[in-house]
Amino acid sequence: MWKRTGNDADAITSDRSRFDGEAPGKVLDDIAPRPRLTPHVITFANEKGGVGKSTLAFHIAVALAHAGQKVVAIDLDRRQRTLERGLSYRQGTACNLGVTLPSPHYSVLDYPSTAALYQTINRLGPDADFVIFDAAGADSPIFRRVVALADTLITPINASFLDLELLGRLNPVSGVPERAGCFGQTVSELREEKLARKMGLIEWIVVKNRVRAAEKRHIGRVDDALERLSISHDFRIAQGLSERVAFRELFQFGLTHLDLDLIPDMIRPQASSRDEIEALIEDLGLRVESREAGGGPTRRNARVLKRTRQDFRAALNAVL
Ligand SMILES: Nc1ncnc2c1ncn2[C@@H]1O[C@H](COP(=O)(O)OP(=O)(O)OP(=O)(O)O)[C@@H](O)[C@H]1O
Ligand SMILES: [Mg+2]
């Protein structure tokens, strides 16, 4: 879905033959006969690895659960299983500390088929408010399906031209977008196909992640490039999360800084980290009906010894 904008448009080429992968028509043929998903589907995807897809998926899933939403989180990376691991550590933490934490229902997709995907949603909660997919950082048939199913597609990127080129290539002298990158092309084709079949829009949001204050000058150039690509590719740019230890230090505990207020005798959470997560949710423009946060699928374990609780709390306080 390259948008033609003044002179920029003449320079853009969209050359399907440069990229292989399953044809968009085949992807949509597979999805079209299946029941329409009622939850709002958020897919975290980028063919670039290590940009923060799982980190953002985890934080957004937990933040939505805090807002009282029923969230189903499905990890499509069956080797790394980052999202699944984070959410299972969360259950362990709730259990070891004897607290209730708002939590998504979660699973990893062990068999990457469309049928398995729908079965997993049906098992975890077809009545959920949100389904979150965390895709692995490489093209595959299941990758294309979760991009096609998205109501909101979130693509984290690092502030680097290397990352940007998977979306689209800009002329280094004129700064004009010249051609789509591999991921940009895939998204564009799937969006067009979905729209043509009247199966709904995919709102595409590119989120900057791990921005460091010290990189301002370089980021200025990347920001300009991103603005141009946002017009040619029809995506929105959201301010993501900055580079902070806070967004990775609690992984082993399955926690975010939103959770720390719920844990007795805990060091105070960093308000700035909490604010960034809340600002990101706001920026994504998701429709979140305010509700009391429920406990989610956490288990209380009455048999956890007081000593275990104390040790666990001390370990948690030590990383903060
Ligand atoms: N905002 C952030 N601040 C600090 N560290 C971050 C931030 N976002 C991500 N990281 C770290 O960056 C690394 C990559 O993050 P993550 O695993 O979420 O990326 P990914 O896109 O899911 O990777 P993959 O493609 O391998 O699935 C991890 O070490 C993670 O802890
Ligand atoms: Mg990941």
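Me: In relative accessible area, taken with a 1.4 Å probe and the protein chains only, buried means under 20%, exposed over 50%, and partly exposed in between. Why is R210 called partly exposed?

Reply: The value for R210 is 35% relative accessibility. That is neither under 20% nor over 50%, so R210 counts as partly exposed. Before we go on, this is a predicted model, in which local features need pLDDT of at least 70 and side-chain atom pairs pLDDT 80 or more, while totals for chains, interfaces and linings use all residues; side-chain values use heavy atoms, without hydrogens or water. Residues count from 1 along each chain as its sequence is written, and chains are lettered from A and ligands numbered from 1 in written order.

Me: Thanks! What makes the phi of R210 worth a remark?

Reply: Phi of R210 is near 60°, a positive value in a residue other than glycine. Most residues other than glycine have a negative phi. R210 lies in the loop between β8 (203–209) and α9 (216–233), with helices and strands being DSSP runs (H or I of at least four residues; E of at least two), numbered from the N terminus. R81 is another case, with phi near 50°, and its place is in the loop between β2 and α4 (82–97).

Me: And why does R81 count as partly exposed?

Reply: R81 has 24% relative accessibility, which falls between the two cut-offs, so partly exposed is the right label. I237, in strand β9 (residues 236–238), is also partly exposed, because its relative accessible area is 24%.

Me: Why is Q69 called buried?

Reply: Q69 has 7% relative accessibility, which is under 20%, so Q69 is buried. You will find Q69 in the loop between α3 and β2 (71–75).

Me: How do you know that the side chain of Q69 makes a polar contact with A67?

Reply: A polar contact is a pair of N or O atoms within 3.5 Å; within protein one must be able to donate a hydrogen and the other to accept it, and residues adjacent in sequence count only if both atoms are side-chain atoms. The side chain of Q69 reaches the backbone oxygen of A67 at 3.3 Å, so the distance is within the limit.

Me: What makes L305 exposed and V146 buried?

Reply: L305 has a relative accessible area of 57%, which is over 50%, so L305 is exposed. V146 has 0%, and so is buried. L305 is in the loop between α10 (271–284) and α11 (306–319), whereas V146 lies in helix α6 (residues 141–149). By C-alpha atoms, V146 is 8.5 Å from A45, although 101 residues separate them in sequence; L305 and G98, 207 residues apart, are 9.9 Å from each other.

Me: Now the ligand: which residues come nearest to ligand 1?

Reply: They are K53, S54, T55, Q80 and R210, out of 17 residues around ligand 1, where near means a heavy atom within 4 Å. Helix α3 (residues 53–66) gives the most to this shell, with three residues.

Me: How do you know that K53 makes a polar contact with ligand 1?

Reply: A polar side-chain atom of K53 lies 2.7 Å from an oxygen atom of ligand 1, and that is within 3.5 Å, so the pair qualifies. Backbone N or O atoms take part too: one of G52 is 3.0 Å from a ligand 1 oxygen, and one of S242 is 2.9 Å from a ligand 1 nitrogen. The protein covers 83% of the 630 Å² of accessible area that ligand 1 has on its own.

How values were computed: Areas by Shrake-Rupley, 256 points an atom, 1.4 Å probe, with all protein chains shown as cover.
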